[in-house]
Amino acid sequence: MTDRVRGAGDPQDAELLTRWKAGDQRAASMLVERHADALARFAFSCGARDDSDELVQDTFVRAFASLDGFRGDSSFRTWLFTIERRLLLDRRRAEKRRPPSVEVSEDAAATEYDALDGLVAGESAEQVRAAVGTLTPTQREVFVLRVTEGLSYKEIAEAVGSTEGAARVHYHNALRGIKEFLDD
Amino acid sequence: MIECSNGDMRDLLPDLMHGRVPDGQRLALDAHLDGCAACRAELALLQRVREAARVPRVDTDRIVSALPPYRGRTFLASPMLRVAAAVVLVVGGSSLFLRAADREPKLLDTIAQASATAPVLLLGESFQDLSDTDLEALAEELGGLDGMLSEEPEEIMVPLEGSGS
């Protein structure tokens, strides 16, 4: 997998942000280049398959509009994940309100989604996606950030508003769930 | 799938994929992987997960064109600054008013007098609280108020140049 740049904790981000604030538009392009793929993977893996591009764009627009709120306590990429996750949650809530039928819990929604996915899962990648899809939303977020993006438990805790210990538990529960799904 | 009981080593497997294993632990992890089939299988699974997360390249130009321009930090961006500005306005405004009142004692009298002589309409919480009689009285009072000037303003005559008058 070729990521355009290793982003988490990269000191170049701070420099690019400074340049953008000074009016250098190319710095914004470089920041987007550095992190767009990671945000798209996160969106896609967390279920935003049809509109991951839109979600990535919304994340950047919101981030750049509120850049003065970024204190640099976490890496820029972790902050972007935090924003994207909030947007994802907003969409999930909006989707839940939309159907007039029975209200389903997050866990149940994930299971329904993946039962359907499992039917069409033929090749290995689809099977793995289906397995990831069986996870609860929080497990999925933590697992994707850990495995796909390589974030530490500390960074994940910052992104999902949790603790390192909780992130670790979510990761191992997710891994166990995926193994069980694939073993069946 | 059998799981390895060494949680510390298992926790390092995602870091190994991303080249983030701390130097001091790399040798121990390599040695552990050589002898642990469960961790090798888990690492292979994690790599499958990572591969499965591939997505088409994002159109970054479209994103960049949608970005807002940087506006910089506004003076009242911080909530603390907003509170401080409100305090300055209230304190400053009050002190200016009191100083003006000291210089011109008549000012307070004038305000009090104006309040006392201003036409007052007694209303309840809403028009629904008023009885029919009250509404009629209110209509009469409103009719008695004169919103127009009591006198026509005097005409201002501007002599035209060269008119000879």
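**View 1. The surroundings of A:Ile156 in the predicted model.** Leaving aside residues up to four places away in sequence, A:Ile156 touches A:Val142, A:Leu145, A:Arg146, A:Leu151 and A:Ala167. Keep in mind while looking around that this is a predicted model. A:Ile156 returns in the next view as one of the core residues that touch the most other members.

**View 2. The largest nonpolar core.** This core has 58 residues. Those touching the most other members are A:Leu39, A:Phe42, A:Ala43, A:Val56, A:Phe143, A:Leu145 and A:Ile156. If you would like a place to start, try helix 2 of chain A, residues 25-45, which gives the most to this core, with eleven residues.

**View 3. Helix 7 of chain A and its buried residues.** Helix 7 of chain A spans residues 137-147, and nine of its eleven residues are buried, so this helix is largely enclosed by the rest of the structure. The buried residues are A:Gln139, A:Arg140, A:Glu141, A:Val142, A:Phe143, A:Val144, A:Leu145, A:Arg146 and A:Val147. Three of these names may look familiar from View 1: A:Val142, A:Leu145 and A:Arg146 are touched by A:Ile156.

**View 4. Chain B on its own.** Here we turn to the partner chain, which has seven helices and zero strands. From the N terminus on, the elements of chain B run α-α-α-α-α-α-α. Of the 165 residues in chain B, 11% are buried. Among contacts in chain B between residues at least 6 apart in sequence, 47% join residues at least 24 apart.

**View 5. Helix 1 against helix 3 in chain B.** These two helices of chain B pack at an angle of about 40°, their axes 10 Å apart. That angle makes helix 1 of chain B oblique to helix 3 of chain B. The crossing of helix 1 past helix 3 in chain B is right-handed. Helix 1 of chain B brings B:Met9, B:Arg10, B:Leu13, B:Pro14, B:Leu16 and B:Met17 to the contact, while helix 3 of chain B brings B:Cys39, B:Glu42, B:Leu43, B:Leu46, B:Gln47 and B:Arg50. Sorted by class, the contact has eight nonpolar, one polar and three charged residues.

**View 6. Where chain B meets chain A.** In this last view, 27 residues of chain B are in contact with 34 residues of chain A. The elements giving two or more residues to the chain B side are helix 1 (7-17), helix 3 (37-52) and helix 4 (60-66) of chain B. Helix 3 of chain B gives the most to that side, with six residues. By class, the side of chain B that touches chain A has 16 nonpolar, two polar and nine charged residues.

Methods:
Residues are numbered from 1 along each chain as its sequence is written. Chains are lettered from A and ligands numbered from 1 in the order in which they are written. This is a predicted model: local features need pLDDT of at least 70, side-chain atom pairs count only at pLDDT 80 or more; totals for chains, interfaces and linings use all residues. Helices (H or I, at least four residues) and strands (E, at least two) are DSSP runs, numbered from the N terminus. A residue is buried if 20 or more other C-beta atoms lie within 10 Å of its own, exposed if 12 or fewer, and partly exposed in between; C-beta atoms are placed from the backbone. Two residues are in contact if their C-beta atoms, placed from the backbone, lie within 7 Å. Ala, Val, Leu, Ile, Met, Phe, Trp, Tyr, Cys and Pro count as nonpolar, Asp, Glu, Lys and Arg as charged, and the others, Gly among them, as polar. Axes are lines fitted to C-alpha atoms, for helices over the stretch in contact, and angles run from 0 to 180 degrees between N-to-C directions. Angles under 35 degrees count as roughly parallel, over 145 as roughly antiparallel, 65 to 115 as roughly perpendicular and the rest as oblique. A crossing is left-handed if the near helix is turned anticlockwise from the far one by less than a right angle, and right-handed if clockwise. A nonpolar core is a set of buried Ala, Val, Leu, Ile, Met, Phe, Trp, Tyr and Cys residues joined through C-beta atoms within 7 Å.
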